[in-house]
Amino acid sequence: MNVLARPFVSDPRRHEGVRPFHIWGLRLFYLLMLVMVAPAAWGALLRHQGPWDPTHAVALCVWATYPALALFGLLRPLRWLPLMVFTIGYKTLWLAFVAWPLWNAGTLAGSDAGETAFAFAFVPVLAAVVPWGYVWREFVLPARR
């Protein structure tokens, strides 16, 4: 087999037939979650002083938890796919309900939401590494017994 084609050909004996491209892409995003999100979220939680705004505290706790779970995704990328689906979901919703109206009004650039919108704009790349056929078979269709 051509060395360039190997990452794009599934091997039914490994990773339940999912292409190596998807497996390594998932691992890359799990690693990026750990490296980029965990330090900021955990730092904000550990350095916080004074009373919490409950809604802000919930958001920080979620942001601290999901990259911690990404550690498991590095080891078992397919088993932890629901974490990726969650990530794609919340980022897409945020872009649709927060960033889009600001962008449409011409006020996104330079706003507090601008940096987040830039980071979340890469969600299509994340969606491209998710093996959606596998997600459908394993998480959506009823179990075959």
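Helix 2 passes helix 3 in a left-handed crossing, where left-handed means that the near helix is turned anticlockwise from the far one by less than a right angle, and right-handed that it is turned clockwise. This is a predicted model, with pLDDT of at least 70 needed for local features and 80 or more for side-chain atom pairs, while totals for chains, interfaces and linings use all residues. Residues are numbered from 1 along each chain as its sequence is written, and side-chain values use heavy atoms, leaving out hydrogens and water.

Now the overall layout. The chain has six helices and zero strands, so to speak an α-α-α-α-α-α pattern when read along the sequence. Helices are DSSP runs of H or I with at least four residues, strands are E runs of at least two, and both are numbered from the N terminus. Of the 145 residues, 30% are buried, with buried meaning under 20% relative accessible area, exposed over 50% and partly exposed in between (1.4 Å probe, protein chains only). Taking contacts (heavy atoms within 4.5 Å) between residues at least 6 apart in sequence, 66% join residues at least 24 apart.

Back to the helix pairs. Two packed helices are described by the angle between their axes and the distance between the axes. The axes are lines fitted to C-alpha atoms, for helices over the stretch in contact, and the angles run from 0 to 180 degrees between N-to-C directions.

| Helix pair | Angle | Axis distance |
|---|---|---|
| Helix 1 and helix 2 | about 150° | 8 Å |
| Helix 2 and helix 3 | about 145° | 11 Å |

Helix 1 (residues 20-47) also passes helix 2 (residues 54-75) in a left-handed crossing. On the helix 1 side, the residues that meet helix 2 include Met33, Leu34, Val37 and Trp42, and among their partners in helix 2 are Trp63, Tyr66, Pro67 and Gly73. That contact divides into 20 nonpolar residues, one polar and one charged. Here Ala, Val, Leu, Ile, Met, Phe, Trp, Tyr, Cys and Pro count as nonpolar, Asp, Glu, Lys and Arg as charged, and the others, Gly among them, as polar.

On the other face-off, Val62, Trp63, Tyr66, Leu69 and Ala70 in helix 2 meet Leu83, Phe86, Thr87, Tyr90 and Lys91 in helix 3. By class, this contact has eight nonpolar, one polar and one charged residues.

Thr87 is worth a look. It sits in helix 3 (residues 81-104) and is buried, with a relative accessible area of 1%. The Thr87 side chain reaches the backbone oxygen of Leu83 at 2.8 Å. Leaving aside residues up to four places away in sequence, Thr87 touches Met33, Tyr66 and Leu126.Then there are the rings. Rings of Phe, Tyr and Trp (its six-membered ring) pair if their centres lie within 6.5 Å, and planes under 30 degrees apart count as stacked, over 60 as edge-to-face and the rest as tilted. By this rule the count comes to twelve aromatic pairs. Tyr66 and Tyr90 have ring centres 5.7 Å apart and planes at 75°, so they are edge-to-face. This pair links distant parts of the chain, with Tyr66 in helix 2 and Tyr90 in helix 3, 24 residues apart. Phe86 and Tyr90 are tilted, because their planes lie at 45°, with ring centres 5.3 Å apart. These two are four residues apart in helix 3, which means about one helical turn between them. Phe86 is partly exposed at 40% relative accessible area, whereas Tyr90 is buried at 18%. Ring pairs link Trp63, Tyr66, Phe86, Tyr90, Trp94 and Phe120 into a cluster.

Definitions and conventions: A polar contact is a pair of N or O atoms within 3.5 Å; within protein, one must be able to donate a hydrogen and the other to accept it, and residues adjacent in sequence count only if both atoms are side-chain atoms.
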